[in-house]
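Please look through the sequence and the model shown here before reading on. The report that follows takes up the fold, the packing, the pocket and the charged pairs in turn.

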Amino acid sequence: MIKTTLNLARKIRAWMTKKLRPKSKYFLFPPKHSLDSISCCYGFDRGTPVDRYYIEKFLEENKDEIRGRCLEITDNVYTRRFGKNRVKKSDVLDIDKKNNKANIHGDLRDLKEIKNDVYDCVIATHTFGVIDEYQKAVKECYRILKPGGTLVATVSALGVAVELEKSFWRFTETSVRYVFGKFFGQENIKVCSLGNVLSGQAFWVGLAAEELSEEELNYNDPRYSIIVGVIANK
């Protein structure tokens with residue numbers, strides 16, 4: 001009797017697995033539970049991290065904002081890639097003085113090195129979540145932008161804390177509207193989220209974007225955001 005019941009349970013489970021399997025070629029709910037992720041480095045070892053896919057999608061959709069004199073955090077890869085010939089001057093900021101890609105070394109919470117009203121665009125991708133007093137950093141971004149300048153930023157809504165000591169915050173569309181609206185004004189910001197329950201699970205366990213279809217990646221469900229993007233105009 002017990003053996004018959006177990007066989008029946010296995011058949012039901014096999015049928016459910018087949019019926020409920022997502023379209024992607026990797027099934028995210030393996031029969032055997034695991035306490036380990038597939039990748040411990042965001043999926044970089046497998047391809048493009050899912051959150052990076054969304055970051056770059058957001059930047060592509062808002063590339064016209066990247067223009068004039070630009071400031072980017074850590075390096076200027078996105079300034080060059082998405083700004084192209086619209087960028088007249090590119091600066092790079094980092095608090096780490098060992099970063100030779102940066103031409104300005106300073107603390108985004110208190111940028112004494114930069115005067116008021118300098119930049120046409122500031123690009124800060126997944127920066128505010130690793131700053132303890134991140135609201136001071138948002139305020140400084142507002143200060144150093146020219147009137148009419150734009151902050152192009154992304155923050156994490158769902159993320160793996162690989163470096164625990166550097167991971168402070170996760171955000172929602174509501175929290176982003178509230179915080180950035182405090183400094184830029186609610187009427188001057190545009191906020192969106194990207195991600196869905198399937199891509200969120202893929203990112204959480206360490207799959208790469210290439211392991212999902214474009215249809216699966218581009219479906220948007222604000223209830224299951226991976227990143228939140230904001231365009232804030234001064």
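## Exposure and an unusual loop residue

A residue counts as buried when its relative accessible area is under 20%, as exposed when the value is over 50%, and as partly exposed in between. The model is a predicted one, and D117 offers a convenient case on which to try these cut-offs. With a relative accessible area of 38%, D117 falls between the two limits and is therefore partly exposed. D117 is placed in the loop between β3 and β4, and its phi is near 55°, which is a positive value in a residue other than glycine.

T74 can be read in a similar way, since this residue too has a positive phi, of about 80°, although it is not a glycine. T74 sits in the loop between β1 and α3, and because its relative accessibility is 36%, it counts as partly exposed.

## The fold of the chain

Seven helices and seven strands make up the secondary structure of the protein chain. Followed along the sequence, these elements come in the pattern α-α-β-α-β-β-β-α-β-α-β-α-α-β. The protein chain has 234 residues, and buried residues make up 44% of them.

How much of the contact pattern comes from residues 24 or more positions apart? Among the contacts in the protein chain with a separation of 6 or more, residues 24 or more positions apart account for 69%.

## Nonpolar cores

In soluble globular proteins, nonpolar side chains tend to be buried together. In this model the largest nonpolar core holds 32 residues, and the members that touch the most others are L108, Y119, F128, L151 and F180. Two or more residues of this core are given by each of β1 (68-73), β4, α4 (134-144), β5 (145-156), α5 (173-184), β6 (189-194) and β7, while the largest share, five residues, comes from α4.

F180 shows how such a core residue meets other parts of the chain: leaving aside its neighbours within four places in sequence, F180 is in contact with F128, V138, L151, G185, I189 and V230. Apart from the largest core lies another one, of 24 residues, and among its members are I55, F82, L198 and I231.

## The largest pocket

Rolling a probe the size of a water molecule over the atoms shows where empty space is left. The largest pocket has about 1400 Å³ of space and is lined by 41 residues, of which T74, T125, H126, T127 and V130 lie nearest its centre. T74 is thus a residue to look at twice, as it is also the loop residue with a positive phi described above.

Several elements, namely α2 (50-61), β1, α3 (77-83), β2 (87-94) and β5, each supply at least two residues of the lining of the largest pocket. The largest share of that lining, four residues, comes from α2. Sorted by the character of their side chains, the lining residues divide into 20 nonpolar, nine polar and 12 charged.

## Salt bridges

Side chains of opposite charge can pair when their charged atoms come close. A search of the whole structure finds 16 salt bridges. One of the pairs brings D117 back into view, for K234 forms a salt bridge with D117 in which the closest N and O atoms are 2.7 Å apart. This pair links distant parts of the chain, with K234 in the segment after β7 (227-233) and D117 in the loop between β3 (104-105) and β4 (119-125), 117 residues apart. K234 has a relative accessibility of 23%, so it counts as partly exposed.

Other pairs can be compared by their exposure. The side chains of R109 and D107 meet in a salt bridge at 2.6 Å, N to O; R109 is partly exposed because its relative accessibility is 26%, and D107 is partly exposed with a relative accessible area of 22%. Between R223 and D221 there is a salt bridge at 2.8 Å, N to O. Is each of these two partners buried or exposed? R223 counts as exposed because its relative accessibility is 66%, whereas D221, at 9%, counts as buried. Finally, a network of salt bridges links R69, K89 and D91.

Notes: Residues numbered from 1 in each chain as written. Predicted model: local features only at pLDDT ≥ 70, side-chain atom pairs only at ≥ 80, totals over all residues. Heavy atoms only, no water. Salt bridge = Lys/Arg side-chain N within 4 Å of Asp/Glu carboxyl O. Buried < 20%, exposed > 50% of the residue type's maximum accessible area, 1.4 Å probe, protein only. Core = buried A, V, L, I, M, F, W, Y, C linked by side-chain atoms within 4.5 Å. Contact = heavy atoms within 4.5 Å. 1 Å grid on protein atoms, 1.4 Å probe; cavity = no way out; pocket = protein on both sides within 12 Å on 5 of 7 lines; lining within 4 Å. Points joined across faces, edges and corners; volume = space filled by probe spheres on them. Nonpolar A, V, L, I, M, F, W, Y, C, P; charged D, E, K, R; others polar.
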